[in-house]
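Colleague: Please take a close look at the lining of the largest pocket, by class. Then go on to the cavity and the sheets and helices, with the cut-offs for the terms.

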Amino acid sequence: MIAIAPLAPTQLIGEKRVTLRGLTWQTYQQVLHALPFRRSARLTYDHGVLEITMPLEDHEFSIRLIERFIIIMIFEMGLKIKTMGSTRIEREELDRSSEPDCAYYIQNQARVAGRRVDFATDPPPDLVVEVDITHTDIDKNRLYAAMGVPELWRYNGRDWRIFILENGDYQESEFSPILPWVQKAYLYQFLAEAQQDEIAAEQALRQLVRDHLAQ
């Protein structure tokens with residue numbers, strides 16, 4: 001697998017969004033419970049601003065493949081993981097709530113294994129991934145920093161950005177503490193190859209990891 005630049009797709013339409021402003025926590029809860037239990041839309045609430053996001057194909061392709069990338073890395077490295085998906089992280093005391101694209105416990109997997117997570121007492125997920133191809137009115141970095149999420153990945157259809165929580169704020173990094181030897185080019189190559197053949201892309205990525213670990 002060779003290093004390549006980030007993808008440069010044209011005319012990506014990743015999401016449709018509706019933003020409501022001036023809501024109280026109680027009003028947000030009313031909107032939340034008025035929606036169908038099974039829905040594709042994801043809700044993010046931050047200090048009176050509610051954003052309802054409807055993912056489209058470009059968004060879903062990216063997030064499903066990024067999740068597969070993470071699972072492959074974790075599996076091949078012999079680590080453990082608890083996948084939270086878009087489980088809602090509610091923090092009423094912070095006036096914030098989010099249904100992330102993906103969230104995971106990796107370093108803290110043992111603390112939450114075998115049971116449901118209680119965000120009131122358990123630590124936040126070790127890693128949250130957000131794909132925002134179109135503009136979002138929510139400051140996701142501020143949101144997840146306030147929730148204490150140690151690591152945030154953001155992808156806009158072209159660039160993978162890694163943010164590490166330090167002293168209450170995110171600092172951008174070129175490498176993930178969870179996967180410190182993994183170069184960004186690996187994800188870009190995987191996504192590019194997966195556009196043509198997802199199985200072949202997965203096989204190539206697994207071989208890349210095995211070759212590295214065998215060194």
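Modeller: The lining of the largest pocket has five nonpolar, four polar and four charged residues (Ala, Val, Leu, Ile, Met, Phe, Trp, Tyr, Cys and Pro count as nonpolar, Asp, Glu, Lys and Arg as charged, the others, Gly among them, as polar). This is a predicted model, in which local features need pLDDT of at least 70 and side-chain atom pairs pLDDT 80 or more, while totals for chains, interfaces and linings use all residues. Residues are numbered from 1 along each chain as its sequence is written, and side-chain values use heavy atoms, without hydrogens or water.

The volume of the largest pocket is about 290 Å³. Of its 13 lining residues, Pro-36, Phe-37, Arg-39, Arg-88 and Glu-99 are the closest to the centre. On a 1 Å grid over the protein atoms alone, a pocket is an open set of points with protein on both sides within 12 Å along at least five of seven lines, a cavity is a set where a 1.4 Å probe fits but cannot get out, and lining residues have an atom within 4 Å of a point. Points are joined across faces, edges and corners, and volume is the space filled by probe spheres set on them.

One cavity of 30 Å³ or more is present, and the largest cavity holds about 70 Å³ of space. Glu-99 also belongs to the lining of this cavity, together with Arg-17, Arg-42, Thr-44, Thr-53, His-59, Asp-101, Glu-130, Val-131, Asp-132 and Lys-140. Two elements, β2 and β8 (127-131), give two or more residues each to that lining. By class, seven of the cavity residues are charged, three polar and one nonpolar.

Strand β2 leads to the sheets. (Strands are DSSP runs of E with at least two residues and helices runs of H or I with at least four, numbered from the N terminus; two strands pair if DSSP finds at least two bridges between them.) β2 sits in an open antiparallel sheet of five strands, ordered β1-β3-β2-β6-β5. Its edges are β1 (15-20) and β5 (89-91), each paired on one side only. β2 (residues 42-46) and β3 (residues 49-55) run antiparallel, joined by five bridges, and Asp-46 stands opposite Val-49.

Two helices lie across this sheet (contact means heavy atoms within 4.5 Å; axes are lines fitted to C-alpha atoms, for helices over the stretch in contact, and angles run from 0 to 180 degrees between N-to-C directions). Helix α2 (residues 57-76) crosses β1, β2 and β3 at about 85 degrees to β2. Helix α4 (residues 140-147) lies across β2, β5 and β6 (96-98), at about 105 degrees to β6.

Strand β8 belongs to the other sheet, an open one with mixed pairing in the order β4-β7-β8-β9-β10-β11. β4 (82-83) and β11 (169-173) are its edge strands. Two bridges join β4 to β7 (residues 102-105), and the two run antiparallel; Lys-82 stands opposite Tyr-105 in β7. Helix α2 packs on this sheet as well, touching β4, β7, β8, β9 (151-155) and β10 (160-166), and its direction makes about 155 degrees with that of β8.

α2 also meets helix α6 (residues 198-214), with axes that come within 10 Å and cross at roughly 30 degrees. Phe-61, Leu-65 and Phe-69 are among the α2 residues in this contact, and Leu-205, Val-209 and Leu-213 among those of α6. The contact has nine nonpolar residues, six charged and no polar ones.
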